[in-house]
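Colleague: Could you walk me through this one and tell me what lies behind the labels you use?
Modeller: Gladly; let us look at it together.

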Amino acid sequence: MCGIVGYTGKDKCIPKIISGLESLEYRGYDSAGIAYIINGEIEIKKEQGRIANLKESIKLNEDSYTGIGHTRWATHGKPCKVNSHPHHVGKITLVHNGIVENYESLKAELKEYKFVSETDSEVVAALIDKLYSEEKDMLKVLVKLKDTLVGSYALGILVEGEDKIYAIRKDSPLIIGVSEDGNFIASDVPAILEYTNMYYLILNDEFAELTKDDIVIYDRDGNVSTKNLLTFEGSQEAAMKNGYEHFMLKEIYEQPKVIMDTIKEYIYNLDNLNEKMSGLEKYDEIDIVGCGSAYHVGLVGKSLITKYGKKRVNVDIASEYRYTEHVYSKNNLIILISQSGETADTLAVLRQAKEEGIDTLAIVNVVGSSIAREADRVLYIKAGVEVAVATTKAYICQLMMLSLIALYLGLKNNVLDESIVEEYENIDALIEEILSDTKDTEEIANSIYQNKDVFYLGRKVDYALSMEASLKLKEVSYLHSEAYAAGELKHGTISLIEEGTPVISIITDDDIRLKTLSNVKEVCARGAKSYIITNEEVLDKDLYTKVIMIPKLHDLVGSVLVMVKCQLIAYYVAKLNGCDIDKPRNLAKSVTVE
Ligand code: F6R
């Protein structure tokens with residue numbers, strides 16, 4: 001995900017583009033750049049890192065009235081100056097949000113061009129330059145372009161010698177803002193709200209030509225199209241949340257998409273899985289290390305990799321692992337899980353492992369982060385930018401990545417056969433189904449939000465999921481919560497169960513279902529309000545306050561459905577308690593201290 005902005009008008013463009021980019025920083029922030037026209041020439045400035053770096057390195061009051069800008073979330077190529085946008089080829093300078101899938105074949109055809117970056121976007125700039133040299137007319141070029149590019153794109157384009165911005169989109173968002181003093185392009189409404197709340201929504205394959213005092217929008221065939229001017233009523237922050245009350249809820253609802261983005265990246269087909277995971281079978285022992293939710297993902301991963309990969313797996317919290325003695329096997333791998341890729345303890349484990357000569361594999365969301373850069377190998381999840389401090393969509397994508405590793409190993413050693421891949425195909429639709437009706441989770445939230453303590457119970461993977469569910473609940477709602485291995489409760493903690501104590505039990509593992517249910521009955525007998533999340537009808541329904549059913553899936557993928565329910569419970573409890581859901585007290589999104 002990246003953000004693009006452009007402005008052409010009577011005012012100086014650079015301050016407007018920079019403030020637009022700042023409000024799009026939630027879409028990505030590993031590098032930023034701007035191109036603007038000054039005395040008829042196009043100037044380009046780029047910096048690695050946050051927009052603040054770019055802002056410091058440019059003069060805001062340059063005499064320029066037309067320009068485009070970009071904030072990047074690296075997809076092709078690491079975050080660095082040369083890969084950042086705008087890209088300039090021949091007469092064309094452009095910013096791009098999206099992923100062009102056929103860029104490698106296009107690059108091979110565009111032999112006359114010398115490419116300096118690793119990006120798909122530079123190839124698009126070269127393609128447009130080539131088409132422009134043939135057609136000499138950008139409108140004809142844009143009609144042709146959409147028949148040539150495969151993938152997603154929102155482009156803002158400057159052409160040498162023209163004081164205009166061209167823009168086109170397919171499957172990446174694009175709006176055109178209209179103000180008295182000039183016209184904007186942007187990936188999202190917040191980018192223009194400081195100056196105007198009026199905008200056109202550009203649809204797939206439509207394109208536009210913006211001058212200082214005119215906007216012409218064209219349909220896919222190049223005919224002028226008439227559109228309704230829309231008005232955004234609301235604040236900039238509300239616009240960034242895209243209609244959701246909180247980022248956490250927005251990110252929960254993004255899960256069907258990001259989980260599929262992650263799955264498709266790795267099992268586009270089996271060859272692609274083999275290529276991305278190749279060599280993992282050679283390890284006989286794997287240590288998985290992370291903090292908080294990332295550690296909980298590791299616990300689920302341990303179960304799947306042991307069962308299907310037939311490997312010995314250890315899981316530990318990074319802050320413990322780094323200060324513990326370890327005996328490594330000859331073929332030992334350390335998997336480091338970190339959304340941000342900057343967590344201090346996880347990074348320390350990585351550095352120690354490298355010193356000891358142990359192979360490392362990082363599962364990371366933020367491209368080019370320290371852990372991603374320093375690990376021997378990286379598997380990126382495709383969660384996009386996560387703004388809410390409590391992780392939801394990154395956790396789900398990490399879970400899927402561990403499942404894909406187990407899948408790869410299981411296929412390699414014939415514990416699984418290829419038909420298993422079908423299990424991954426429908427997962428987005430099933431999450432969407434859960435998200436389309438949240439009555440059951442809201443009901444549970446209503447019934448527990450005034451309690452002081454909430455317990456989660458489960459066995460095996462359900463216990464690992466309980467730990468994450470409990471963390472989610474306590475961090476956003478401030479209710480005290482603990483997760484217990486269902487069989488362990490009677491060794492002490494059951495003394496805390498009294499009349500009305502909420503106990504939420506996760507029961508999805510057939511092998512152990514009856515055992516967990518017996519433990520649930522033990523807490524019911526002591527007056528607990530008992531809630532069950534399960535994938536199989538339970539008998540004695542009257543014993544329980546509420547039973548939530550989820551579809552029964554293969555255990556390689558089933559955990560994600562449980563977690564979506566638990567995230568919603570945590571969210572609604574926090575909302576009922578009036579908590580600062582996106583920024584819970586005392587927490588930070590990226591924990592870069594020990
Ligand atoms: C909980 C949460 C944290 C993180 C932990 C590790 O909702 O977000 O527990 O999972 O701080 O962070 P990363 O994954 O960035 O290393």
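**Ligand contacts and helix packing**

Modeller: Let me start at valine 389, where a backbone N or O atom lies 3.5 Å from an oxygen atom of the ligand. Please keep in mind that this is a predicted model, in which local features need pLDDT of at least 70 and side-chain atom pairs count only at pLDDT 80 or more, while totals for chains, interfaces and linings use all residues. Residues are numbered from 1 along each chain as its sequence is written, and side-chain values use heavy atoms, with hydrogens and water left out.

Colleague: What makes the approach of valine 389 to the ligand a polar contact?
Modeller: A polar contact is a pair of N or O atoms within 3.5 Å (within protein, one must be able to donate a hydrogen and the other to accept it, and residues adjacent in sequence count only if both atoms are side-chain atoms). Valine 389 has its backbone N or O atom 3.5 Å from a ligand oxygen, so the pair qualifies. Threonine 391 also uses a backbone N or O atom, 3.0 Å from an oxygen of the ligand. With lysine 472, a side-chain N or O atom is 2.8 Å from a ligand oxygen.

Colleague: Which residues are closest to the ligand?
Modeller: Ser338, Gln339, Ser340, Thr343 and Glu475 are the closest of the 13 residues that surround the ligand (one heavy atom within 4 Å).

Colleague: Why are α4 and α5 called oblique?
Modeller: Helix α4 (residues 120-135) and helix α5 (residues 138-148) pack at about 135°, their axes 9 Å apart. Angles under 35 degrees count as roughly parallel, over 145 as roughly antiparallel, 65 to 115 as roughly perpendicular and the rest as oblique. The angle of about 135° falls in the rest, so α4 and α5 are oblique to each other.

Colleague: And why are α8 and α9 described with another word?
Modeller: Helix α8 (residues 255-267) and helix α9 (residues 270-277) pack at about 85°, with axes 6 Å apart. That angle makes α8 and α9 roughly perpendicular, therefore. Lys264, Glu265, Tyr266 and Ile267 of α8 meet Asn272, Leu273, Lys276 and Met277 of α9 (heavy atoms within 4.5 Å).

Colleague: How do you know that the peptide bond from histidine 85 to proline 86 is cis?
Modeller: Omega is near 0° for that bond. Proline 86 sits in the loop between β4 (66-72) and β5 (87-89).

Colleague: What is notable about phi of asparagine 39?
Modeller: Phi of asparagine 39 is near 50°, a positive value in a residue other than glycine. Most residues other than glycine have a negative phi. Asparagine 39 is in the loop between β2 (31-38) and β3 (41-48).

Conventions:
Axes fitted to C-alpha atoms, helices over the stretch in contact; angles between N-to-C directions. Helix = DSSP H or I, 4+ residues; strand = E, 2+ residues; numbered from the N terminus.
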